[in-house]
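Morning, everyone. I have one structure to walk you through today. Please look at the screen.

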Amino acid sequence: MALKAGVVGAAGYAGAELIRLLLAHPEFELTVITSNADEGQPLTAVYPSFVGACDLAFTRHDNPALKECDAVFMAVPHTAAMAQAPALLEAGVSVFDLSADYRLDSVEVYEAWYNAEHTSPELLKTRAFGLPELFPEGLARIAADAAAGKPVLVACAGCYPTATSLGAAPAVRAGWVDGTVIVDAISGVTGAGKRATQRTHFCSASDNFEAYGVGRHRHTPEIEQILGLKDRLVFTPHLAPINRGLLSTVSMPLSQEARSISLEEVVAHYEAFYADCPFVSVLPAGSLPRTASVEGTNACHIGLALHEASGTLIAISAIDNLCKGAAGQAIQCANLVYGFGETCGLPPVALPV
């Protein structure tokens, strides 16, 4: 019997992506979609691409039917997830949170970067961090709880941290990196959410590249936490005039001992590191990733290069910010938690053109 699923914040871009994936998933039945702003509107009125595929209408976020679901996916801004997650868990519903509310280990760090009080810090002790390729142990732990009928909480990693960390982790964990890591990352406009701002308005975003959040972007502490690079990360995000896609270029200074390594050895190390990870593809030496090659999928493509004169390893990662960076990652985590195949319900091939 399929598990009943709900999506809170379903009218947003990540929420709509969740709907797309859940409707095609053989193990989930989508039963509730919420949007306070679109209450009563059919899904197809807001997103006509779902005509003929779904007849659900949006309800409010406090819809009691959410507590009848097996799993609820939260695609809402920070603090909004905290407002609902504890009650859902108390009702026996597992929560897969796409927001930042439960990602950071430290309450103090969260409150400093997000300028908000954390109202359920006790959940940080039991939640699993949702980046399966780098933290499988946490998901395996809560999978045992889910199998025993207990509700679980997964804090899915953010889009920039996912692409950046997948590109950097094999080198960092090998002990090759010594010094400050420089990250320049570019995201499509959907990464900023559905509500238009002066920066994301068509007339501002079209035909324009722009850096933002320089030195203060909220994904900085999350990347530092994942990679263990406290105060050794300079992260600069950029906005690109595309709908979806994210490219992260990570420049890592190598230790003296690691400077003798060849590019072929680096590629071989990355291939071995991700050998059991179906969504990560390490490209051959000399090949670099493109966002178009992963569009609509949960894939991450990684390309590698060495700048020998400065002793720098450069890793470039491409993901779809709405899929591997949000909705697809949540589905991947749910697959692992419920014992489905890790790739179940996730499209294997990007749009070729």
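**Two loops, two helices, two cores**

Let's start in a loop. N115 sits in the stretch between α4 (107-114) and β5 (128-130). Keep in mind that this is a predicted model.

Is N115 buried or exposed? N115 counts as exposed, because its relative accessibility is 70%, and the cut-off for exposed is over 50%. Now its backbone. N115 is not a glycine, yet its phi is positive, at about 50 degrees. Here is some background. Most residues other than glycine have a negative phi.

A second residue gives us a similar story. D231 lies in the loop between α8 (220-227) and β9 (233-239). D231 is not a glycine either, and its phi is positive, about 60 degrees. D231 is exposed, with a relative accessible area of 62%.

Let's step back to the whole chain. The protein has ten helices and 13 strands. Its C-alpha trace spans about 60 × 50 × 40 Å along the principal axes. How does the radius of gyration fit a compact globule? For 353 residues, a compact globule would come out near 20 Å, and the protein has 20 Å, so the two agree.

Which share of the residues is buried? Buried residues make up 53% of the 353. The accessible surface comes to about 15200 Å², and carbon and sulfur atoms account for 53% of that surface.

Now contacts. Take those between residues at least 6 apart in sequence. Of these, 72% join residues at least 24 apart.

A word on charge. The protein has 21 positive and 36 negative charges. The mean positions of the two sets are 4 Å apart.

On to the inside. In soluble globular proteins, nonpolar side chains tend to be buried together. The largest nonpolar core here has 47 residues. Which members touch the most others? They are M252, Y270, Y274, L304 and L313. Helix α6, residues 159-173, gives this core its largest share, with eight residues. Apart from this core lies another, of 44 residues. Its members include L3, Y47, L139 and V337.

Let's zoom in on L304. Leave aside its neighbours within four places in sequence. L304 is then in contact with L263, V266, V267, Y270, V282, S287, L288, L313, I314 and A315. Two of those names, Y270 and L313, are also on the list of residues that touch the most other core members.

Next, helix α1, residues 13-23. Eight of its eleven residues are buried, so α1 is largely enclosed by the rest of the structure. Which ones are buried? They are A14, G15, A16, E17, L18, I19, L21 and L22. What do they pack against? The partners are β1 (3-8), β2 (28-34), α2 (43-46), β3 (71-74) and α10 (323-338).

Helix α8 looks much alike on this point. Seven of its eight residues are buried, so α8 is also largely enclosed by the rest of the structure. The buried ones are T220, P221, E222, I223, E224, I226 and L227. Their cover includes α4, β5, α6 and β9. Just after α8 comes G228, with a positive phi of about 70 degrees.

Hold on to I226, because F135 is in contact with it, as it is with F129 and R173, leaving aside neighbours within four places in sequence. F135 lies in the loop between β5 and α5 (136-147). F135 is partly exposed, with a relative accessible area of 24%. F135 and I226 are 91 residues apart in sequence. In space, their C-alpha atoms are 9.1 Å apart.

One last residue, A81. Its place is in helix α3, residues 80-90. Is A81 buried or exposed? A81 is buried, with a relative accessible area of 1%. Leaving aside neighbours within four places in sequence, A81 is in contact with M74, V76, P86, D97, S99 and D101. And how far is A81 from C300? They are 219 residues apart in sequence and 27 Å apart in space, C-alpha to C-alpha.

That's my tour. Thanks for listening.

Notes:
Residues numbered from 1 in each chain as written. Predicted model: local features only at pLDDT ≥ 70, side-chain atom pairs only at ≥ 80, totals over all residues. Heavy atoms only, no water. Helix = DSSP H or I, 4+ residues; strand = E, 2+ residues; numbered from the N terminus. Rg over C-alpha atoms; globule rule 2.2 N^0.38 Å. Buried < 20%, exposed > 50% of the residue type's maximum accessible area, 1.4 Å probe, protein only. Contact = heavy atoms within 4.5 Å. Areas by Shrake-Rupley, 256 points an atom, 1.4 Å probe, with all protein chains shown as cover. Lys, Arg positive; Asp, Glu negative; His and termini not counted. Charge placed at Lys NZ, Arg CZ, Asp CG, Glu CD. Core = buried A, V, L, I, M, F, W, Y, C linked by side-chain atoms within 4.5 Å.
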